[in-house]
Structures are given as structure tokens and as C-alpha cells.
Amino acid sequence: MASKPALLATGAALAAAAWYYLRYRRKTAPKPPPKPQPKKRQLCACGCGRVASMRCGRCKTARYATRECQASHARAHAPVCYFDSGVQAMDAGEPRKAAKLFETSIAKADKLPPEERVKRRSAAYLAMGRARQMAKDYDAALAAYAAGVTSAKAANVPADAVECMVGAANVVRAIDGAAAAVELFAAAAARADEAIASGGARRGPGALPGAEATRLVAARASAWANQATSMLATPGSDARRAKSLLKRALDARIAMANYYPESSEAKRQLATSRANYGLVLRLTGDPAAEAMIRAAEADAAAIGEAGAGIMQALKRNSANLGKAPAPPGTCPICLENFGDASVEAGCGHRFCRECLRTWLKRSNRYAGA
């Protein structure tokens, strides 16, 4: 039988071991892996309340429990289905296909109730205008934007109307030059100001929903920024006025980026605004220009691939700062009116065929054009 001192020593050792475990080992022990969370079940889009087990074959977003549910919901889903498919085609770089899908979405919306119909058509016309513009089908883009403004008025969605006006002004700038688009951008900004003053950015009765008010503020900032850049591209324009507009657009986009810190689009627009504002500061000799351009470069570097285009545009615009652009209808190389033979390059600019041929030879990139 163990002696009393031995028992006391053993008890003390056990107590010390228990204290050590409770004090150190239990805290550093690896935590058990989290239990897998069950997947959230999606309900049928037709509203029957059953769990969905199949999805729409075109848009891949709407889910249904049975084929009967899908058939019963076909009329209501068709405009959304074609619209979502058009958005997916735009993301895939197929603007012509997207435009046809948006056009079908507009046709399918005729079967909806009047209030929902005008809202669907308003958004679809805006998207179709952008698709036509991306495909460089400018006449069709202008027609879509004009129809979008009309539909947006009927649907009381001023953000769509302003975005359509900005899109149409961009098309006019691509066709007739920056000088022709300045007043159109100003009209879009004035329309946004009017909508905001009449309830687009206030709370209470008569106010627009929060998302619509946010879109309206963003559309106004876009109109300001485009108006300013068009003014800067127009010889003899007021650089101070352009600077003021860019500052207002920058302030609006800073607020948007702070309100939506996770939005990549808000970050992209902020980087673009800082780059444009930095350039106009440099043009007017403001000492804060370099700090603003460095901030734009940091913003562009933080958003990955989307920022690469901003960096390229910043370098290109910095090199062309203060240079007068070629007037509309003239060759950017010889600055003369286009002759009988002109050619459109892959970038979308038009040159005299002989000028382009000579330039390509000199740059050692002649390919028999």
C-alpha cells in the first residue's frame, strides 16, 4: 500500500496536469470542422409553393417544380426570360444576338398587364439600345433609345429615361463628333435634376424607390462626366466648366462607392472619374493633378482587368492632352476630308485608304490592306 506522501504527490501531479490541460491545451486544440450547411431549397417560380427541381432551358435562372408549372408561368416569364438571356449574350460579347433577344422580350411584354408591360419595355429598350450601340448599328440604337425614353415616361421610371438620353448622346458623339453631343448630355443631366427635384431622391409620399433614386443619381453623374469629356474634346470649349462638371460627377461617384463598397461597377466608375478629373486638372495647371491621377491609378490597379482599360485610356489621353481632335468627317492622319476611298479600321475609326496604307507600311505592320 502506497504511503500517504506518495498519494499526495500523485494527487498533486494529477492536479497540475489537469490545470495545464485546462489552461493551455484545451484552448489550442483544433476546432472541429463546421457542419455542412444544407443547400437552400428554391421554390417554384409559378408560386405554387413546391420545391423546384428543374430550371428554364433558355435563361437558366427560373426554376420550376414540374413542366405543368413552367407551362402555366410561360406568359409571365417570357419577357424576363428573353431579357435575362440577352444580358447573358451581352456578357458573352454577342451584342447582335443580345439585341434580337431584347427585341423578343419587348414583343413578349405585350401580353403582360399594362403597368408591368411599360416597365418591362422601358428596361428592354434601354438594353437593346446598348446592344445596338455595341454592335455599331447606330441608327437602330438611336431608335431604341428614343422608344426607351417614351416607355420610361409612361412607366414613370426617370432613371431609364436619363440613361436612354445619355446612350443616345453617346451614339451622336460617335457619329457626328463630341461637339454635337454636348447639349444632349446637358439635356440628360437637366432631366435628371428635374426628376430628383420632383421626388427622385427624397423620402415620403411621391418619392421613388431607393434603387431607382440611386440609379437616377448615377445616371446624372454619367451625364455630367460625358458632357465634360465632350467639351474637352471640342476646340474652344470652356475648360473651367468641364472641370466643374467632372468635380460634381466625381463627388457623386465617391458617394456611390462609399454606399456600395462591394460594387465593382461603382469602383470602376470612380476610377474613371478620378482619371478624367486628374487630366482636366493637369490641363488647367492645377497642382493637385498628379495626386488625383495617382489615386486613379491606385483605384484602377485594385479592380483587376477592368482597371487595365482605364490605365490605357489614361496614358492615351495624357499623351493627347491639349491636342485638337480631327473634325468630324476628316481623316485623323491627313486631316483632310475623306476621299472616294475610305476604310474603317478595327478600332472603329475611319481613315483615307491611302493614308492608312502608308501609315501601316511605316509602322512595319503592313498586311496588304
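**Notes on the salt bridges in this model**

1. Let's start with the stretch at residues 45-81. Its end C-alpha atoms sit 12 Å apart, and the span is 38% helix and 11% strand. UniProt, in an unreviewed entry, lists residues 45-81 as "domain: MYND-type". Keep in mind as you read that this is a predicted model.

2. Now for the charged pairs. How many salt bridges does the structure hold? The count is 12. If you're new to these, here is the basic idea: side chains of opposite charge can pair when their charged atoms come close. The points below go through some of them.

3. Take Glu 103 and Arg 132, whose side chains meet in a salt bridge at 3.5 Å, N to O. This pair links distant parts of the chain: Glu 103 belongs to helix H4 (residues 95-108) and Arg 132 to helix H5 (residues 114-134), 29 residues apart. Is Arg 132 buried or exposed? Arg 132 counts as buried because its relative accessibility is 17%, and the cut-off for buried is under 20%. Its partner Glu 103 is partly exposed, with a relative accessible area of 44%.

4. Next, have a look at Arg 121 and Asp 110. They form a salt bridge in which the closest N and O atoms are 3.6 Å apart. Arg 121 lies in helix H5, while Asp 110 is in the loop between H4 and H5, so this pair ties together parts that are 11 residues apart in sequence. As for accessibility, Arg 121 is partly exposed, with a relative accessible area of 25%. Asp 110 is partly exposed too, at 42%.

5. Further along the chain, which residue does Lys 243 meet in a salt bridge? The partner is Asp 286, at 3.3 Å, N to O. Here again the pair links distant parts of the chain: Lys 243 is in helix H10 (residues 239-259), whereas Asp 286 is in the loop between helix H11 (264-283) and helix H12 (289-302), 43 residues apart. Lys 243 has 22% relative accessibility, so it counts as partly exposed; the range for that label runs between 20% and 50%. Asp 286 is partly exposed as well, with a relative accessible area of 24%.

6. Last, a group rather than a pair. Which residues are linked in a network of salt bridges? They are Arg 130, Asp 160, Glu 163 and Arg 215. Try picking out these four in the structure above, starting with Arg 130.

Note on methods. Residues numbered from 1 in each chain as written. Predicted model: local features only at pLDDT ≥ 70, side-chain atom pairs only at ≥ 80, totals over all residues. Heavy atoms only, no water. Helix = DSSP H or I, 4+ residues; strand = E, 2+ residues; numbered from the N terminus. Buried < 20%, exposed > 50% of the residue type's maximum accessible area, 1.4 Å probe, protein only. UniProt positions renumbered as here; feature names shortened; annotations may be inferred.
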